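Hi,

Here is the structure I promised to pass on to you. Please open it and keep it beside this email while you read.

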Amino acid sequence: MVQHCTLSGTLDRGGWKDELGGTSNIHEHCDGTSGGSDYIEAGVEAEDDPSSPIVRTAKFTCTDVHLRTRPPSGHKIHLDCKIDTMGMGSTPTLGVALYDSTTLIHSVTAVTVSTSRTTPQISISEANALKIGNYNNLRLWLTATLNDMSDAVIVYNVRLELPDVLADTQSAFALFTEL
């Protein structure tokens with residue numbers, strides 16, 4: 001059994017917008033509740049300087065989870081995303097970071113994303129999962145690095161998968177009753 005955390009608040013949109021160009025509560029557009037028809041996007045704006053990479057970082061809170069101790073294995077970040085590019089420069093990238101409030105837990109600077117929708121999964125090591133002190137303070141950061149005026153990074157859904165403490169208890173009970 002696992003528990004899924006979705007985005008519950010926008011701390012800083014960092015230049016990201018929703019599919020309609022909106023700038024408020026953008027977390028509601030990539031929380032998986034619409035079946036994938038909405039999204040958030042980081043793109044290059046007319047006022048940006050295209051001579052150097054443009055970096056956009058959105059920061060989100062995650063839904064609260066039970067405050068029980070969790071096994072350190074099985075923590076994952078799931079994405080549903082793609083890139084748009086027609087430029088001749090480097091391909092845009094998507095970085096993902098998980099924080100416990102202000103403490104970095106895990107980060108990936110360049111998630112493999114293509115021009116068609118992909119669903120990459122990022123596994124968090126046991127050592128990094130053990131750094132989580134309060135599951136109700138989890139923050140997820142998305143960072144797009146854009147290199148050309150036509151670049152965009154689009155995220156349809158992002159969620160955190162956590163092992164359920166009950167699953168381990170049930171497994172141990174089942175093992176004990178089989179002896």
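To start, which residue in strand 10 is the bridge partner of Gly43? The partner is Ala152. Before I go on, please keep in mind that this is a predicted model, and everything below is computed from it.

First, the overall picture. The protein has 179 residues, and 42% of them are buried. It contains 10 strands and 2 helices. If you walk along the chain from the N terminus, the elements come in the order β-β-β-β-β-β-β-β-α-β-β-α. Among contacts with a separation of 6 or more, 78% join residues that are 24 or more positions apart. As for the surface, about 9100 Å² is exposed, and 51% of that comes from carbon and sulfur atoms.

Now back to strand 10, which covers residues 152-163. Of its 12 residues, 11 are buried, so this strand is mostly covered. Several strands pair with it, and I have listed three here:

- Strand 1 (residues 2-12) pairs with strand 10 in the antiparallel sense, over 5 bridges. Here His4 has Glu161 as its bridge partner.
- Strand 3 (residues 40-43) is also antiparallel to strand 10, with 4 bridges between them. The pair from my opening question, Gly43 and Ala152, links residue to strand here.
- Strand 5 (residues 76-84) is paired with strand 10 through 9 bridges, again in the antiparallel sense. Look for Asp80, which sits opposite Asn157 of strand 10.

Next, try finding two single residues. Is Arg139 buried or exposed? Arg139 counts as buried because its relative accessible area is 19%, and the cut-off for buried is under 20%. You will find Arg139 in strand 9, which spans residues 138-146. Beyond its neighbours within four places in sequence, Arg139 touches Leu11, Phe60, Thr61, Cys62, Ala97, Leu98, Tyr99 and Ser101.

Leu20 makes a nice contrast. It belongs to the loop that connects strand 2 (17-18) with strand 3. With a relative accessible area of 75%, Leu20 is exposed, because anything over 50% is given that label. You can also check a distance yourself: from C-alpha to C-alpha, Leu20 and Ile40 are 9.0 Å apart in space, while 20 residues separate them in sequence.

Enjoy exploring, and write back with any questions.

Best wishes

Terms used:
Residues are numbered from 1 along each chain as its sequence is written. This is a predicted model: local features need pLDDT of at least 70, side-chain atom pairs count only at pLDDT 80 or more; totals for chains, interfaces and linings use all residues. Side-chain values use heavy atoms; hydrogens and water are left out. Buried means under 20% relative accessible area, exposed over 50%, partly exposed in between (1.4 Å probe, protein chains only). Contact means heavy atoms within 4.5 Å. Two strands pair if DSSP finds at least two bridges between them. Accessible areas come from the Shrake-Rupley method with a 1.4 Å probe; for residues, only the protein chains shown count as cover.
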